[in-house]
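User: I would like to go through this model by way of a few questions, with the reasoning set out in each reply.

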Amino acid sequence: MKIHKIDTNKKIVLIDGGYNVGSYTKSFIDINPNCVKVFGFEPMRFDNQFMSSKVTLINKAIWTNNEVRKFFISDNPEACSLIKSRRVNKNEFLNVECIDFSKWLIDNFNKNEYYIHLKLD
């Protein structure tokens, strides 16, 4: 995935949905050092997660409601999902907390002040 330098006068905030180990975030910050804050959403914990003073890791999944849902597990950590698919083991899951993402976004950011870069996977 190619990451571009963002040219804006607003404060840049990265929201990384599907943070995993934070490799996208690390590359994004390297290319956009004017990024003031990162919110990484990841319902699973990984031992080697990238952290910096700019990163706030939120141990929840992004969803449409605040609720607990099944999070289906895969041998490939990047394929884990709230939605059943051929890429996950339909019999293996964790119950994870989910956040109403649209409400969280509205409650936390003013669109006139921030440039929000959203990465979801």
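**Core and loops**

User: Where does Asn 20 lie?
Analyst: This is a predicted model, in which local features need pLDDT of at least 70 and side-chain atom pairs count only at pLDDT 80 or more, while totals for chains, interfaces and linings use all residues. Residues are numbered from 1 along each chain as its sequence is written, and side-chain values use heavy atoms, with hydrogens and water left out. Helices (H or I, at least four residues) and strands (E, at least two) are DSSP runs numbered from the N terminus, and Asn 20 lies in the loop between strand 1 and helix 1.

User: Is Asn 20 buried or exposed?
Analyst: Buried means under 20% relative accessible area and exposed over 50%, with partly exposed in between (1.4 Å probe, protein chains only). Because its relative accessibility is 14%, Asn 20 counts as buried.

User: What is the phi of Asn 20?
Analyst: Most residues other than glycine have a negative phi. Asn 20, a residue other than glycine, has a positive phi, with a value near 55°.

User: Which element gives the most to the largest nonpolar core?
Analyst: A nonpolar core is a set of buried Ala, Val, Leu, Ile, Met, Phe, Trp, Tyr and Cys residues joined through side-chain atoms within 4.5 Å. The largest has twelve residues, including Ile 3, Tyr 24 and Phe 28. Strand 1 (11-17), helix 1 (23-31), strand 2 (35-41) and strand 3 (55-58) each give two or more residues to this core. With three residues, the element that gives the most is helix 1.
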